[in-house]
Amino acid sequence: MEAEGTVSGAGLIAMQNFLTRKIAVLSTCLILLLALPVIMQLLDEPYLISLSSRILIYAIAAVSLYLILGYGGMVSLGHAAFFGTGAYVVGILASASFDASPVFSWPFQMDGSERLLVALPLALLISAFAALIIGFFSLRTSGMYFIMITLAFAQMLYYFYVSLEGYGGDDGLSLYSRSQLPLLDLGDDTHFYYLCLTFLLLFLLFCHRLVNSRFGRVIQGIRENEKRMQSLGYAVFGYKLACFVIAGAGAGLAGALMANQSEFVSPGLMHWTQSGEILVMVLLGGMGTLFGPVLGAVALLSMEEILSMFTEHWMVYLGPFLILVVLFTRGGLYGLLIGRER
Amino acid sequence: MQSPASGLSMLLFIEQILNGLQLGVMLFLMSAGLTLVFGIMQVINLAHGSFYMIGAYVAATVMQQTGSFMLGLLAALPVSALIGMLVEALVLRRLYQRDHLDQVLATFGLILFFNELTRIIWGRQPLFMDGPEWLSGTVELIPGAPYPSYRLAIIVVGIAVAVLLYLLFTRTRLGMQIRAGSSNREMVAALGVNIKLLYTLVFGLGTLLAGLAGVMAGPILAVESGMGESILILTFVVIVIGGIGSIRGALIAALLVGMVDTLGRAFLPGLFRLVLPAAQADGVGASLSSMAIYILMAAILVWKPKGLFPAQA
Amino acid sequence: MKRSFAVLALGIGLLAGQAMAADAVKIGMVTTLSTKAGYLGEDIRDGFKLAIDEEGGKLGGVAVELLVDDDGRKPDKGKQIAERFMKSDGVKLMTGIVFSNVAMAVVPKVLREDVIYLSANAAPSQLAGKNCHPNYFSVSYQNDNLDEVVGQYVTDAGYNNVYLIAPNYPAGKDHLAGFKRYYKGAIAGEVYTKLGQADYAAELAALRATKPDSVFFFLPGGMGINFLKQYSQAELNKTIPVFGPAFSFDERLLAAVGDAALGVVNGSQWTHDLDNQANQAFVTNFRKTYGRTPTLYASQGYDTARLIASALKSVNGDLSNLQAVRDALKKADFASVRGDFKFGPNQHPIQDLYVREVVKDAEGKVTNKTLKKVFTGHGDAYAAECKM
């Protein structure tokens with residue numbers, strides 16, 4: 001399941017082949033992603049640029065979930081709570097700025113803002129804080145119980161936002177326009193696409209560094225054997241909580257971008273079905289690497305889009321497809337594309 | 001809402017307890033099957049709600065053709081069990097040794113498939129279903145508060161199922177084999193029990209119970225595609241509170257969840273009216289009562305991380 | 001053949017295979033076809049399609065192509081589809097959204113992009129009042145209308161202690177506010193339930209204890225089925241009459257509720273038994289084509305298509321001059337299946353509103369029967385806020 005294994009002599013050639021294939025596939029993907037807006041302009045399908053931004057944003061959310069799920073062994077069914085929180089921070093700031101009224105005036109005055117440089121750090125901070133609270137309680141449990149307690153907290157947040165009448169309740173909140181950023185016009189789909197791509201690549205790089213750091217090794221050690229790590233003197237709970245908080249902030253980043261992409265936020269963003277969808281992306285992509293969740297997001301969202309063009313009953317095909325992936329590809333789509341690493 | 005006279009409000013309280021009991025029993029029917037499958041085969045089955053839906057659809061169809069609720073019930077039980085066993089043999093059997101996450105993904109695929117399939121077969125609109133004629137009235141259990149007979153019937157069926165399951169596991173050879181199979185698969189296999197068949201049967205029993213819950217729900221709820229998912233989440237809440245794999249835990253947790261949900265909806269807005277202005281109290285009360293069972297679950301898990309009755313092993 | 005060509009094209013650009021039928025006027029329909037509410041969108045679409053089929057693929061003599069996609073009741077999905085219709089397909093006319101929350105996410109943006117949106121169902125108050133727009137037309141109603149008519153009827157019928165129930169979300173509160181605008185009596189209780197709630201036993205027990213003389217509820221879709229079945233099982237329908245807007249009493253939903261709905265009076269702008277020529281033809285054709293009685297959603301889809309037809313005919317299929325299209329639409333020069341129909345200053349309908357009763361027809365089917373016209377030429381409460 002894990003990329004960083006020791007390689008025995010006999011497997012060396014196979015490993016080399018595998019690496020070449022991996023590098024080839026990944027660099028092709030990167031070039032495609034970089035050139036995508038240009039290709040779409042040439043094909044005269046500008047709509048696909050905006051669809052692709054949406055996919056990239058979900059990819060960020062899926063990668064952030066994978067951080068706790070794949071490396072930390074913490075399966076959360078409440079990840080959309082942080083996704084939605086990030087989105088609402090952007091939405092609430094923007095609506096307050098549009099109405100020219102402060103978000104709150106006690107204990108200090110907090111004014112609204114449409115600037116991304118204000119909204120994004122705040123979104124990260126607040127979703128990280130939400131993850132800190134939820135993680136603090138949830139991490140006392142594990143396995144199936146952890147799945148359900150994260151779901152419980154996410155549902156509480158969902159109903160909380162449903163009851164926020166000042167911000168539209170269940171109807172949600174429409175943004176008048178996308179956030180502002182110096183030099184870029186986020187209202188332009190191509191600019192926005194590159195912004196999302198940059199964030200995805202940065203986040204992947206960050207996660208890559210993180211999982212290969214000492215911190216990352218401890219987290220993976222805890223996943224393999226929590227008791228042993230504990231007896232080795234590691235503050236297991238603290239490590240897991242830190243990892244959970246980082247993942248929450250990652251989902252908050254995705255949420256903040258999502259609010260901008262659709263110029264709309266609603267409690268639906270944190271409903272358990274949304275958490276489920278992000279989870280399915282991770283599982284569909286495959287375990288073992290950070291690119292799995294990216295692949296899963298791309299595959300699930302584009303399949304939905306393509307299948308629904310041919311038939312209204314696309315779910316009747318998507319369902320069995322997911323089952324077949326589980327039964328026959330053992331490593332998810334990533335395994336199918338690149339091969340198993342071990 | 002004016003505060004009614006105290007005698008009346010006592011009666012109302014008892015009636016609400018009865019309502020909570022009935023919801024709890026309904027949830028128990030669903031969770032018994034799910035916790036059984038999870039406890040014995042260690043498999044997470046998200047598609048449990050789909051069998052609830054299948055039960056309701058089959059019963060509604062047969063009832064519309066024949067006019068008889070009982071025939072609908074009789075048809076729905078074997079159909080949900082058979083489809084369950086078919087799914088077990090085709091899909092889930094291959095996943096017992098796998099990671100839970102593989103099971104999650106595959107059974108999620110099953111949900112999509114079954115939901116869309118019902119839309120293709122029966123159309124998008126909800127289906128009509130009614131209870132039997134002899135259960136259509138009300139019974140005046142509490143003076144001045146007639147209670148629907150059908151809801152009483154649900155309570156009776158739920159208690160009967162609990163007793164039957166108890167007898168099955170403690171008094172029959174099959175029950176013992178199932179219990180042994182959950183704790184030591186190899187040993188039971190070595191004793192010559194066909195463990196594969198045993199698992200298929202257990203799964204069929206679980207989906208039969210889900211189908212039964214669907215049939216019982218049909219006359220009071222809308223029979224529609226996707227009806228399984230709303231109750232699925234509640235079911236998971238119940239088995240997690242009760243402790244996964246424990247039927248006794250499921251029973252107690254189901255009643256607890258039923259009570260908390262019902263009493264929360266019935267009395268929270270009123271309580272908040274004592275301290276808040278009416279409009280605000282209604283809003284806060286309504287949203288808190290929607291959250292009540294999740295708050296309950298989170299609190300119990302923080303207190304007891306393995307649920308109320310953690311299964312041994 | 002077309003299919004395999006499209007699959008081939010998918011490899012490069014997902015939608016490359018769609019550039020066909022270049023000359024037809026494209027109409028984009030974002031609607032809800034999946035989820036529990038899927039039948040609402042299905043009826044809007046089928047009603048709309050019927051109008052196109054009656055003209056052999058044309059509306060107002062102009063060839064049209066109807067693009068339909070399912071929003072799954074998710075605002076962001078709806079927005080994504082609307083964007084595809086506008087950017088990839090160059091759609092200039094859109095319609096179809098079932099739910100107000102989806103509409104609020106999709107419609108304002110669409111209007112700013114110089115696309116005309118004609119609502120065939122959802123009509124939230126914001127779009128009728130301060131956010132009204134020259135590119136926006138509601139062909140259905142304003143959301144509160146169907147509650148207002150019941151409020152008036154309940155008052156006229158002499159009830160003066162009503163119990164109110166709606167889900168705890170903005171539309172729920174709007175609908176109760178609509179009822180209260182015309183209801184003059186006292187309020188025995190006002191309860192907001194969980195969105196999507198299945199079991200109403202607790203609410204029914206509380207309701208019985210407060211002894212109201214009538215109940216008004218807004219619980220659309222499955223929630224309404226649950227409520228009505230449970231209300232009748234508790235035998236409350238024998239003592240306390242129930243009223244509501246048409247959303248819990250459309251023909252397909254009534255088939256699922258059965259006898260439990262008998263006798264309920266509900267408010268609507270249309271019923272299949274309305275006695276006018278356009279309606280009789282519509283109901284007959286709809287039954288022949290789809291084998292079921294149309295719902296009000298189907299009638300709204302059909303009327304929307306007929307309105308578009310009148311405008312397309314007037315501008316001869318030329319959408320390049322948006323102002324001309326708007327002017328033509330605003331005239332509402334078509335025979336609505338509701339009878340008299342025109343637009344008010346905020347481009348929402350001015351129309352007659354009825355109450356109808358749920359009865360059993362000769363074949364034993366549970367259906368609606370028009371009881372009485374309550375309002376003639378009724379507009380909406382938000383028109384004054386609209387500065388256009």
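Two residues are taken to be in contact if their C-beta atoms, placed from the backbone, lie within 7 Å, and helices (H or I, at least four residues) and strands (E, at least two) are DSSP runs, numbered from the N terminus. The model on screen is predicted, so local features need pLDDT of at least 70 and side-chain atom pairs count only at pLDDT 80 or more, while totals for chains, interfaces and linings use all residues. Residues are numbered from 1 along each chain as its sequence is written, and chains are lettered from A and ligands numbered from 1 in the order in which they are written.

**First stop: a helix pair in chain A**

Select α2(A) together with helix α9 (residues 236-262) of chain A, which pack with their axes 8 Å apart at an angle of about 170°; axes here are lines fitted to C-alpha atoms, for helices over the stretch in contact, and angles run from 0 to 180 degrees between N-to-C directions. That angle makes α2(A) roughly antiparallel to α9(A), the term used for angles over 145 degrees. On the α2(A) side, the residues to display include S53(A), R54(A), I57(A) and I60(A), and among those they meet in α9(A) are C243(A), F244(A), G250(A) and Q261(A). By class, this contact has 16 nonpolar, four polar and one charged residues, where Ala, Val, Leu, Ile, Met, Phe, Trp, Tyr, Cys and Pro count as nonpolar, Asp, Glu, Lys and Arg as charged, and the others, Gly among them, as polar.

**Second stop: the core**

Keep α2(A) selected, since helix α2 (residues 47-71) of chain A gives the most to the largest nonpolar core, with 19 residues. That core has 351 residues, and those with the most contacts inside it include A59(A), I60(A), A62(A), A56(B) and M297(B); a nonpolar core is a set of buried Ala, Val, Leu, Ile, Met, Phe, Trp, Tyr and Cys residues joined through C-beta atoms within 7 Å. Centre on A62(A) and, leaving aside its neighbours within four places in sequence, look for its contacts with I278(A), M281(A), V282(A), P293(A), V294(A), G296(A) and A297(A).

**Third stop: the two faces of chain A**

Show chain B next, where 35 residues are in contact with 32 residues of chain A. On the chain A side, α5(A) gives the most, with 11 residues, and the residues of that side divide into 24 nonpolar, six polar and two charged.

Then turn to chain C, of which 28 residues are in contact with 27 residues of chain A. The largest share of this side of chain A, five residues, comes from α2(A), and its residues divide into 10 nonpolar, 10 polar and seven charged.

**Fourth stop: the domains of chain C**

Colour chain C by its domain assignment, which gives domain 1 (2-141 + 275-343) and domain 2 (145-268 + 353-384), with bounds that come from an automatic or database assignment. Their C-alpha centres lie 29 Å apart, and the contact takes 12 residues from domain 1 and 14 residues from domain 2.

**Last stop: two loop residues**

Select A100(A) in the loop between α3 (80-99) and α4 (116-138) of chain A, where phi is near 55°, a positive value in a residue other than glycine. A100(A) is exposed, with 8 other C-beta atoms within 10 Å, whereas R73(C), in the loop between β3 (62-70) and α3 (75-87) of chain C, is buried, with 22. A residue is buried if 20 or more other C-beta atoms lie within 10 Å of its own, exposed if 12 or fewer, and partly exposed in between, with C-beta atoms placed from the backbone. Phi of R73(C) is near 65°, again a positive value in a residue other than glycine.

Technical notes: Parallel < 35°, antiparallel > 145°, perpendicular 65-115°, else oblique.
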